Amino acid sequence: EPTERWWHRATGYQVYPRSFADSDGDGMGDIPGIISRLGHLSDLGIGFIWLSPVYASPMIDNGYDISDYRDIAPEFGTLDDMDQLIASARERGIGIVMDLVVNHSSALHDWFKAARASRDCPEHGYYIWRDPAADGGPPDDARAAFGGPAWTFVPEVGQYYFHYFSPAQPDLNWQNRALRAEIYEMMRWWLDRGIAGFRMDVISLIGKDVDARIYEEGPDLHRFLQEMHREVLSGRDVLTIGESWSVSTETGLLYCGRDRDELDMVFEFSHIREGWHPELGKFAPKPFDLVAFKRALFAWQDLTSEDGWHALFLSNHDLPRQVSFYADDGAHRCVAAKTLATVLHLLKGTPFVYQGEEIGMTNARFERIDQYRDLETLNHFEEQIAQGVEPEVFLAGANRNSRDHSRTPMQWSAAPQGGFTTGTPWIETNPNFTEINVEADLAHPESIFAHYRRLIRLRQENEIVAFGQTTQLMPDDPEILAFERRLGGDRIVVFANFSDRVQTRALPAELTGPVHCLAWTHAEREALAGDLVLAPFESIACRPAA
Ligand code: ISL
């Protein structure tokens, strides 16, 4: 049996600092703003905050382009503010998990400034340089994730550097031992300040071999992760979460298996990708396919049933709002928001709540491209329009799946700008803040927030929610998601209607009989009958009565 760790029963909450709470009216959230809202997070019952980057940065990618790993961006505050956030959160039993972005730095990091000026400084080797091809062009035709080529030429050194993301985000060369030592030292420096761990940005890219054109899960990935564990993590009771778009159920346990000494869990997207168009990508999403989504979700439950651990999420700062994407953000919004939570929070793993999810915030409805801020959306717009895609077609895709939906300001109250700022926010506030906001939700006796609080507490108080084995029920059902959890003689069953119609299903006799309800969206039930009738987006979670 694996030893129990603090994060096995904890729920995480992602704060996107730019959009969470603005204390000084400059239209951008900041660290004092987060401190002022810690009460909200401790009421919810979370165990840790995953804090998106607050480091010094030119903010080309909203902080995922770091120019100084040991300083805070002035728009977010100071190192003193950060220390105070760590201390104030800790007083409430909340750990701070920092975002670690070390696949790349900002092009304005001192390392890169030196590296691009001369081939003869040690920092040159911290990045990935190749000579031009015979015709003077880039070494190959690799494309960057945010559009354009993945190679950019620097005349001063007569070489191209590699960037998986934008040219403002040069990839760090993990083959360089001195670079790795710098990163490990920086990680220890943060851990010594009292943080609770790291969420590691696109970590499966660090072992890449650009010459072989292998980027994800390259040959040296696990060697580097094991070295990092030895040099930084070993002997510290901290949480590590590796973000990866490429990890599969074949490779998952290489990262988080018990005897691997690498990471605690991976944050992977197989269930998310089910919603994207296989060839045309995220800006041409396909209709949601519940059966495929369930297959991805439960494959990871199966994988981590005996070994490893999993990160559970439907939303983050790169994804649309879950209630809009998976369910209904109109008439059924409140119920649908609760049902998505019921499903996620009763699976095995560590759930993550993305800011605003706990009150059912929805996608923006932007009508013009100039309302968007994200470089990914803006660059792909340019590219696709140049290729002849109609602007309305692109905008329809962006309105479903742009990263900006999750980045509109947190809606705290019905005050101007949802109480996020007294100034002008850096991105438009969703006009529905007058109805959808923290104050309004809390005032409701059956608030979404209260539902989340209940689910978070269920995990803390019930062995079976934290550790029970998961078995999917009705895997081929196109409208119902259902599963059971078992631990010893204990058992929980969960049924969720993902459609906007009433659904009736015949239950096998062994699932019927008196129950004790743990969570519900409509009425608390005393028994499950042979015919289970679920209202639109209804869900129930219950334990057979002894
Ligand atoms: O958002 C995406 C889907 O289109 C991704 O391709 C995204 O870039 C990927 O999830 C990696 O994300 C992380 O690294 C990026 C940063 O822009 C994201 O915000 C971050 O979560 C580069 O650092």
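This report walks through the domains, two helix pairs and the ligand shell of a predicted model.

## How the chain is divided

Let's start with the overall layout. The chain splits into three pieces: domain 1 covers 10-105 + 177-450, domain 2 covers 110-162, and domain 3 covers 466-544. Domain 1 is thus written as two stretches, 10-105 and 177-450.

## Where domain 1 meets domain 2

Measure from C-alpha centre to C-alpha centre, and domain 1 and domain 2 sit 29 Å apart. On the domain 1 side, 10 residues are in contact with 10 residues of domain 2. Both α5 and α12 (375-386) put at least two residues into that side of domain 1, and α12 gives the most, with 5 residues.

What sort of residues does domain 1 offer here? The side that touches domain 2 is a mix of 4 nonpolar, 3 polar and 3 charged residues.

## The α5 and α6 pair

Helix α5 (residues 177-192) turns up again in a pairing with helix α6 (residues 221-233). Their axes come within 9 Å of each other and cross at roughly 45°. With angles under 35 degrees counted as roughly parallel and 65 to 115 as roughly perpendicular, α5 and α6 are therefore oblique to each other. The crossing of these two helices is right-handed.

From α5, the contact uses R180, Y184, M187 and R188, and α6 answers with E227, M228, E231 and V232. Sorted by class, that makes 4 nonpolar and 4 charged residues, with no polar ones in the contact of α5 with α6.

## The α11 and α15 pair

How do α11 and α15 lie relative to each other? Helix α11 (residues 333-345) packs against helix α15 (residues 448-461) at an angle of about 10°, and the axes are 10 Å apart. Since angles under 35 degrees count as roughly parallel, α11 and α15 are therefore roughly parallel to each other.

On the α11 side, the contact is made by C334, A337, K338, A341, T342 and H345. The α15 side brings in I448, H451, Y452, L455, I456 and R459. Taken by class, the contact of α11 with α15 has 7 nonpolar, 3 polar and 2 charged residues.

## Around the ligand

Which residues are closest to the ligand? Out of the 13 residues that surround the ligand, the closest are D61, Y64, F165, V202 and D318. The shell as a whole divides into 6 nonpolar, 1 polar and 6 charged residues.

How values were computed:
Residues are numbered from 1 along each chain as its sequence is written. This is a predicted model: local features need pLDDT of at least 70, side-chain atom pairs count only at pLDDT 80 or more; totals for chains, interfaces and linings use all residues. Axes are lines fitted to C-alpha atoms, for helices over the stretch in contact, and angles run from 0 to 180 degrees between N-to-C directions. Helices (H or I, at least four residues) and strands (E, at least two) are DSSP runs, numbered from the N terminus. Angles under 35 degrees count as roughly parallel, over 145 as roughly antiparallel, 65 to 115 as roughly perpendicular and the rest as oblique. A crossing is left-handed if the near helix is turned anticlockwise from the far one by less than a right angle, and right-handed if clockwise. Two residues are in contact if their C-beta atoms, placed from the backbone, lie within 7 Å. Ala, Val, Leu, Ile, Met, Phe, Trp, Tyr, Cys and Pro count as nonpolar, Asp, Glu, Lys and Arg as charged, and the others, Gly among them, as polar. A residue is near a molecule or strand if its C-beta atom, placed from the backbone, lies within 6 Å of it. Domain bounds come from an automatic or database domain assignment.
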